[in-house]
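Q: Please take a close look at the annotated binding site in this model. Which residues does the annotation cover, and where do they sit?

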Amino acid sequence: MNKKCLKLLEYNKIIDLLSAEAGSALARERISELAPMSNMRMIQEALTETTEAVSVILYKGDIPVGEFGNIIGLLDIVRKGRTLSMRELLTVNRSLVGAREVKDFLSSDVPEIPMICEISSLIAPIPRLESEINRCILSEDEMSDNASPELKRIRREIRNKNESIRHKIDSYTSSGSNNVYLQDSIVTMRNGRYVIPVKREYSSRVPGLIHDQSKTGATFFIEPQAIVNLNNELRELELAEQREIERILQMLSVRVGEHYNELRNNQELMVKLDVINAKGRLSVALDGVAPHLDANGVLNIRAGRHPLLDKNKVVPIDVSLGEDYDTLLITGPNTGGKTVTLKTIGLFILMTESGLHIPCCEESRIPIFRDVFAEIGDEQSIENNLSTFSSHMLNTADIIANADANSLVLLDEIGSGTDPAEGAALGIAMLEVLKTKGAHIVATTHYTELKKYALSTEGVENASMEFDMETLSPTYKIKIGLPGKSNAFEISRKLGLDSAIIDRAISLMNENDIEFEGAVSRVEADQNRADEVLARAEAMEAEANRKLMDAEEKLAAAKDSKRRIIESAKEEARDIISDANRTVKEVSKELRKAAKENRDNSSAAVAESKRKLREKYIKNAAAPKEVKNSNVPKAEELKRGTRIKLLKLGQNGEVETPPDASGSLTVRIGALKMGAKLKDVVIIEDNRPGNKARKRENYAVMNTSKVRTISPSINVVGKNLDDAEMEVSKYIDDAFLAGVNEVRIVHGRGEGILRTGLRQMLKRNKNIKSIAGASYDQGGEGVTVVTFIDK
């Protein structure tokens, strides 16, 4: 890749940003050597690595690659037989710990990252060596007592020997007869041996070895003869300690050498992961994405942002090249963003070819070029006696000589720095040569002749940078297909320049140029209107799509709700059937048991079993049924005995207990009492005050009919209590309406269940005057005589 181009496009600044994200010096060194590639497969793999790194960072955090150190040199000297120091062994250990931590981090709870996992799988942790180094070495200059049993024994003896010497020398210095000889009663060390400070004049009185004297010469430091042997023994122990430490270091160094290949390979893998992690971190910082690679030279950048500018301030651009045209001429005012656009295009290609994500939309397409050439900025060279124009021409000539069909050429202000007419002609000629070579070209210019060339030449397209005439500032947005204007006259007019001067300047212009600028203005206005219409249409389409999605979501929710309701109903039905089956089995079991134990009790057992089944039916029937009551009665309308209909069950009954303050009441349906709410009942029509007249009108007819058909007695012997109550209740109502004064209910004696239950029910009927057993000759207590009140 052209090195001058890398500098002009500020590729080195991208590398600096990437290096700042690395954790180790080795990775930063590797990143400094990173260069664009031209092999599409290698580029795709590098982009995939970056994408996987982003996935890990967003899902779990950064890969824990810190400063693990460079151990290659240490491994090489170990292989040659040299012993490593404690500091060097700790450096090796830091690499061991880093490899293990990275391996553990990537071994579980990570997204789908096959390439990173493949690298991680090759890392070979060496836990035993790591454990040995941790056990033996405490710091760069301290070895643990537990490094070996021998070292522990030697150090214990050294401590004991020191204690013995201290005790011996303390007894010497504390002796009253020796105090006069001593300069001070302190013990110090000289040359690794214990000594005492003796006054010079008494040095001959203290037997021992003189090791040193003070600066003034007034004090001699003497090792008393009494501890010379002890000091010798201490020194021998210290030498033995040093030999044991050397032996342990040699042993650990050999262990390191045994794992030479694994350690070297681990470091290389760690550097790779550190670089990949740095690429992922940079992508997150830039809000970058992996673009689609294009093998046909098609460039299509959508919402691209220059990676070195503040992402909150830079205006995204849309630019394309290589599909309908392979040369793009960008025009517009100075500081309008033309050069930034050139650099954005060039940097995006270089970053992509380096395996880095770029800040743009995911649908962007980036082609792969073998070479990128750029001529950007003022390259005037005083040293080489070159003017701006000469410098431009020199660089452009070099580009033309080396460009080919696999090149991208970026030219800023092509043909500038000389006479406009000649410069424009040169610019057109250079573009024609580059097009002939098949190069892809993006150039900026102010020349009207080049704008006309783009309009009339196949494969060349105009583009312009927008300029807001109201604020006199560029918008930095690029428009493809429309040549730009310099807007010099309009800007000058708004800034206050005399209109006469501006009019004179316009009159001096070439008539064709004036007409061309006018045509450009009209086309621009038309395109702006078309863009507004398109924007409104897109907004309407987006709103329609949103409403469609809302409707689809509501429909899906309704279908899901329907499905859940049906499933819930099926489940509830299964529960009811299951519960009913259990009850039937229990009742059948009770009936068989009663039949076996006592035939006389079988009627009571049957009655009890039927009652249970009826309660189970009412319970299951009431639960799911919800009926809206549009005629809720008032609390004062419901008295004890008022006939009502319970809507949940669809059954008629009567009020047992009037409603309380909360609207709760007790109703009786047959022999079953149950709680209800005002909203769950309606008064049966024959209780309504408005129905009294109709009742009287029909009474004679009903009375005549009932008299002819009513029997003076009813026989319920052998029936269960529930059935008997229902039959007797209906019979009593019919008899009363027929005008009968007295009826007889035959229920038999038995256990008295029917007699007691029926008489309790009859006592609650307000139309009955008296209830009594029949005379002995008429059936006695097996018959109940009912007398009605006078109507």
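A: Start with a definition: buried means under 20% relative accessible area, exposed over 50%, and partly exposed in between (1.4 Å probe, protein chains only). The model is predicted: local features need pLDDT of at least 70, side-chain atom pairs count only at pLDDT 80 or more, and totals for chains, interfaces and linings use all residues. Residues are numbered from 1 along each chain as its sequence is written, and side-chain values use heavy atoms, with hydrogens and water left out.

The "binding site" annotation comes from an unreviewed UniProt entry. The annotation covers G332, P333, N334, T335, G336, G337, K338 and T339. UniProt positions are in the numbering used here, feature names are shortened, and annotations may be inferred rather than shown by experiment.

Take N334. This residue lies in the loop between strand 10 (327-331) and helix 12 (338-353). Helices (H or I, at least four residues) and strands (E, at least two) are DSSP runs, numbered from the N terminus. N334 is exposed, because its relative accessible area is 54%. Beyond its neighbours within four places in sequence, N334 is in contact (heavy atoms within 4.5 Å) with E413 and H446.

Now G336. This glycine also belongs to the loop between strand 10 and helix 12. G336 is buried, because its relative accessible area is 1%. Setting aside residues up to four places away in sequence, G336 touches M465, P474 and Y476.

So the annotated stretch includes both N334 and G336: N334 is exposed, whereas G336 is buried.
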